[in-house]
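Colleague: I should like to discuss this model with you, beginning with its strands and then turning to its helices.

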Amino acid sequence: MTEHSIDRTFWTAALMAAAAAIAGCYSPPEARNSGPETNYSSNRTNTDRTPLTTNSNMSNENTKAEDKTGFAANLPDGFAQPKDSVEKTLLREYGAMFVAQGVTVPRKIVFKDEAEVAAFQSTLRTANETIGGFKVELQAAAMDELRKAMAEAKAQGLSITPRGDDSARRSYNETVSLWKSRVDPALKYWVAKGKMTQAEADRVAGLSTYEQVEEVLKLEEKGIYFAKDLSKSIIYSVAPPGTSQHLSMLALDVCENDNQDVRSILARHKWFQTVVSDLPHFTYLGVEEKDVPSLGLKKTTSGGRSFWVPDI
Ligand SMILES: [Zn+2]
């Protein structure tokens, strides 16, 4: 390789890194945190805002009574208990959000369609922000703490940015598209591998979304996995339609998730990792870390990170 081509390689890499930093999330490991504020920007000044309260008198907000202990006791009033093994699994893997405090949480584990999600989302107090060029919409209390976390990160020369336009709020139909982006290629793969027939794959592909979730999880019990890398359950890759914490506007997928300092800052502002293996994903729980166990969540460690999951 000539010196000239080495030079070109260097500059191509540098330009790609710069472009990735501008785009948000796709910077290579060595480029992370190389400069403060590279992809942090906000189109509003929020530092002088009156902080939003995290508790209000809204009757549908989840508020913790002092005598409540355990996960079940901290679920919102009227919560529909899991009705089958699929819902039990989903509650165990994604359920931390249901005990979040000072915010509105769904009373069912799975929204069945866009209308249900839209009706729920219309009841929420929300706040918008453009961060790193992407629109972020969250429940107001969650956004308020995120703003504080971002300010703290900035003071330390760090940034907290979303991975893309769908990093916070999602609609039901977006969760369907994400789900299909895993299920359809996996079905092709397993047919090619001789693990299922084309007829079986066609049958699964033709099911209603809710039925398909059940069927996919059953196939995974037999080692036919649907995650993107086909080696683990799809639920650690994408949330089944109607179950994503993003539908409740209490979740944010963060670019800088592999930075321990960033994770600590988010935790100080009531944002925690609650879905094991979903590394960019953070959940607003509305309490300080010392109070998380009293919500009925237990800490589990995976890959050097802490995740708070339902203790059930
Ligand atoms: Zn997420």
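Colleague: In which sense do E3 and strand E5 pair?

Modeller: The model is a predicted one. In it, three bridges link E3 to strand E5, which covers residues 281–284. One residue of the pairing is Leu252, which has Phe282 of E5 opposite. The sense of the pairing of E3 with E5 is antiparallel.

Colleague: In what order do the three strands of the open sheet lie?

Modeller: The pairing within this sheet is antiparallel. The order of the strands is E3-E5-E4.

Colleague: Which strands stand at the edges, and why is one side of each left without a neighbour in the sheet?

Modeller: An edge strand here has a single partner strand, so one of its sides has no neighbour in the sheet. This applies to the strand at 251–253 and to the strand at 271–272. The edge strands are therefore E3 and E4.

Colleague: In the hairpin of E1 and E2, which residue takes a positive phi?

Modeller: Strand E1 (residues 126–131) and strand E2 (residues 134–139) run antiparallel and are joined by six bridges. Among the bridge partners are Ala127 and, in E2, Leu138. Two residues lie between the strands of the hairpin. The residue with a positive phi, near 60°, is Gly132.

Colleague: At what angle do helix H5 and helix H9 pack?

Modeller: Helix H5 spans residues 140–155 and helix H9 spans residues 260–268. Their axes are 9 Å apart, and the crossing of H5 past H9 is right-handed. The packing angle is about 145°.

Colleague: How many residues of the contact of H5 with H9 are nonpolar?

Modeller: H5 contributes Ala149, Glu152 and Ala153, while H9 contributes Val262, Ile265 and Leu266. One residue of the contact is charged and none is polar. Glutamate counts as charged, so the charged residue is Glu152 of H5. The number of nonpolar residues is five.

Colleague: Is Ser177 buried, partly exposed or exposed?

Modeller: Ser177 belongs to helix H6, residues 172–192. Within 10 Å, Ser177 has 13 other C-beta atoms. A buried residue would need 20 or more, and an exposed one 12 or fewer; Ser177 is therefore partly exposed.

Colleague: What distance separates the C-alpha atoms of Ser177 and Pro241?

Modeller: Along the chain, Ser177 and Pro241 are 64 residues apart. Their C-alpha atoms are separated by 8.6 Å.

Colleague: What share of the residues in the protein chain is buried?

Modeller: The protein chain comprises 312 residues, with nine helices and seven strands. The buried share of these residues is 39%.

Key. Residues numbered from 1 in each chain as written. Predicted model: local features only at pLDDT ≥ 70, side-chain atom pairs only at ≥ 80, totals over all residues. Pairing = 2+ DSSP bridges. Helix = DSSP H or I, 4+ residues; strand = E, 2+ residues; numbered from the N terminus. Axes fitted to C-alpha atoms, helices over the stretch in contact; angles between N-to-C directions. Left-handed = near helix turned anticlockwise from the far one by under 90°. Contact = placed C-beta atoms within 7 Å.
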